[in-house]
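Work through the exercises below with the sequence and the coordinates open. Each one sets a task and then solves it in steps.

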Amino acid sequence: MTPIGVFSVDAGVGHQFEMNPKGYLTAVFRYVSPKRGLVEAGYLIRTDRRVEPALDGQSLAPAKGGTLRIDATDAEPGETTRLTVSDTPQDSPVPSTSAPGTCPDSGVLDVVLPEVSVGDSVTDTVTELTAACLRVQYASEESDASEGAVTKVEIPTTGPEGTVRLPRPDETASGPGPGDKVEVAADQAATVFVATPAQDPSPSDTATGPTPAPTSTDSPTPTDDPTTPTTPTDPTDTATTTVIGQVNAPVRSEPSTAGVEVSHIVAQGEYQALCFQRGEEVSAHGSVSDIWVKLLRTNGETGWVTATALSGDPETVVPTAC
């Protein structure tokens, strides 16, 4: 999923999301923002095959491309409207995730960790995992590995080691590895990450419409942006640190996933960070951290992004505390 942006709109008028590239489903949420009023937020969902969307558990018509609009303006404060997009069974190339009939549905399993390498076959990897009675779910990850191959597997455990990643990020790191036994809850799923090529939000072969130019209110400040303010908005902030986006991720109004999305960063983009603060703990993008980084935006305002979405060690990516 790639955020397009959040745009203020008038009653009865929708934002014209002209970005509709081949191989993507455009999802548009219309809702009332506590700070900005009526807005529409757009997202690109990469799908080169038919998918089955569901809104709050209610199945919608299968789709492959085009635009899916969700109106959540009648939602009560604090109420969540959730869109889930899944492969349709007849088109999905991934193997079945059904565990053998002898596997328990609850309790704790003793699982011997398999050998996993970048580039492994998804089918072979899932066969090993399901043979160990593990449930399997999938996630995509931009990678230099062959498209459709395994990039990594994450297995949540009930022990002190937490989530085990295979292959290890660092082969010299301590912790369980292939051949070691760990305890896993039977109702927890291992996540198989599948390689996808790096995608520009508007692929060059798209001729369906121009890419909307970002406005000063919809993106953090890149280091080469000529509109970068010479001084931060907050007079206590006297210096910035250049940080690089590891993935596409939202920038929020507070150091928590409950914060309103005010902007977003993109993979390999460079941004100016003012300081860091500890907030909600986030487990994403291959790491776990409660560090949130305060970014300077083009309009002089600021926003927060989880340090797990930035390149480098979350604990040291920004040296200055807020």
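The model is predicted.

**Exercise 1. Find the strand pairing around β3.**

Task: determine how many bridges join β2 to β3, and in which direction the two strands run.

Solution.
Step 1. Strand β2 covers residues 24-33, and 10 bridges join it to β3 in an antiparallel arrangement. One pair of bridge partners is Y31 with V39 of β3.
Step 2. The connection between β2 and β3 has three residues, and the two strands form a hairpin.
Step 3. Strand β1, residues 2-8, is also antiparallel to β3 and is joined to it by six bridges. Here P3 has Y43 of β3 as its bridge partner.
Step 4. β3 itself spans residues 37-46, and seven of its 10 residues are buried, which leaves the strand mostly covered.

**Exercise 2. Follow a salt bridge out of β3.**

Task: state which residue forms a salt bridge with E40, and classify both side chains as buried, partly exposed or exposed.

Solution.
Step 1. The partner is R69, with an N to O distance of 3.1 Å.
Step 2. R69 belongs to strand β6 (residues 66-71) and E40 to β3, so the salt bridge ties together parts 29 residues apart in sequence.
Step 3. Buried means under 20% relative accessible area. E40 has 2% and is therefore buried. R69, at 45%, is partly exposed.
Step 4. Salt bridges with shared partners put R30, E40 and R69 in one network.

**Exercise 3. Survey other salt bridges.**

Task: establish how many salt bridges the whole structure has, and describe those of R278 and R297.

Solution.
Step 1. The search of the whole structure gives five salt bridges.
Step 2. R278 pairs with E315, and their closest N and O atoms are 3.0 Å apart. R278 is in strand β17 and E315 in the segment after β19, so parts 37 residues apart in sequence are tied together.
Step 3. R278 is partly exposed at 46% relative accessibility, and E315 is partly exposed at 41%.
Step 4. R297 pairs with E301, with the closest N and O atoms 3.4 Å apart. R297 is buried at 4% relative accessibility, whereas E301 is partly exposed at 45%.

**Exercise 4. Examine a buried acidic residue.**

Task: determine which side chain of opposite charge is nearest to E154, and at what distance.

Solution.
Step 1. E154 sits in strand β10 and is buried.
Step 2. The nearest side chain of opposite charge is K152, 4.5 Å away. A salt bridge requires a nitrogen to oxygen distance within 4 Å, and E154 has no salt bridge.
Step 3. Leaving out residues up to four places away in sequence, E154 touches T163, V164, R165, A190, T191, F193 and G286.

**Exercise 5. Describe the nonpolar cores.**

Task: identify which members of the largest nonpolar core touch the most other members.

Solution.
Step 1. The largest nonpolar core has 22 residues, and L129, V153, I155 and V192 touch the most other members.
Step 2. Elements that each supply at least two residues of this core include α1 (122-131), β10 (150-156) and β13 (189-196).
Step 3. With neighbours within four places in sequence set aside, the contacts of V153 include V116, L129, V164, L166 and V192.
Step 4. Another core, of 17 residues, lies apart from the largest one; A273, V293, A309 and V317 are among its members.
Step 5. As general background, nonpolar side chains tend to be buried together in soluble globular proteins.

**Exercise 6. Locate and characterise the disulfide.**

Task: find which residues the disulfide joins, and give its handedness.

Solution.
Step 1. One disulfide is found in the whole structure. C275 and C322 form it, with an S to S distance of 1.9 Å.
Step 2. The S-S torsion is about 95 degrees, so the disulfide is right-handed.
Step 3. C275 lies in strand β17 (residues 270-284) and C322 in the segment after β19 (302-306); the two are 47 residues apart.
Step 4. C275 has a relative accessible area of 2% and is buried.

**Exercise 7. Assess an enclosed strand.**

Task: state how many residues of β16 are buried, and which strand pairs with β16.

Solution.
Step 1. In β16 (residues 261-265), five of the five residues are buried, so this strand is largely enclosed by the rest of the structure.
Step 2. β15 (residues 249-252) runs antiparallel to β16, with four bridges between them. In this pairing P250 stands opposite H264.

Note on methods
Residues are numbered from 1 along each chain as its sequence is written. This is a predicted model: local features need pLDDT of at least 70, side-chain atom pairs count only at pLDDT 80 or more; totals for chains, interfaces and linings use all residues. Side-chain values use heavy atoms; hydrogens and water are left out. Buried means under 20% relative accessible area, exposed over 50%, partly exposed in between (1.4 Å probe, protein chains only). Two strands pair if DSSP finds at least two bridges between them. A nonpolar core is a set of buried Ala, Val, Leu, Ile, Met, Phe, Trp, Tyr and Cys residues joined through side-chain atoms within 4.5 Å. Contact means heavy atoms within 4.5 Å. A disulfide is a pair of cysteine sulfur atoms within 2.5 Å. Lys and Arg count as positive and Asp and Glu as negative; His and the chain ends are not counted.
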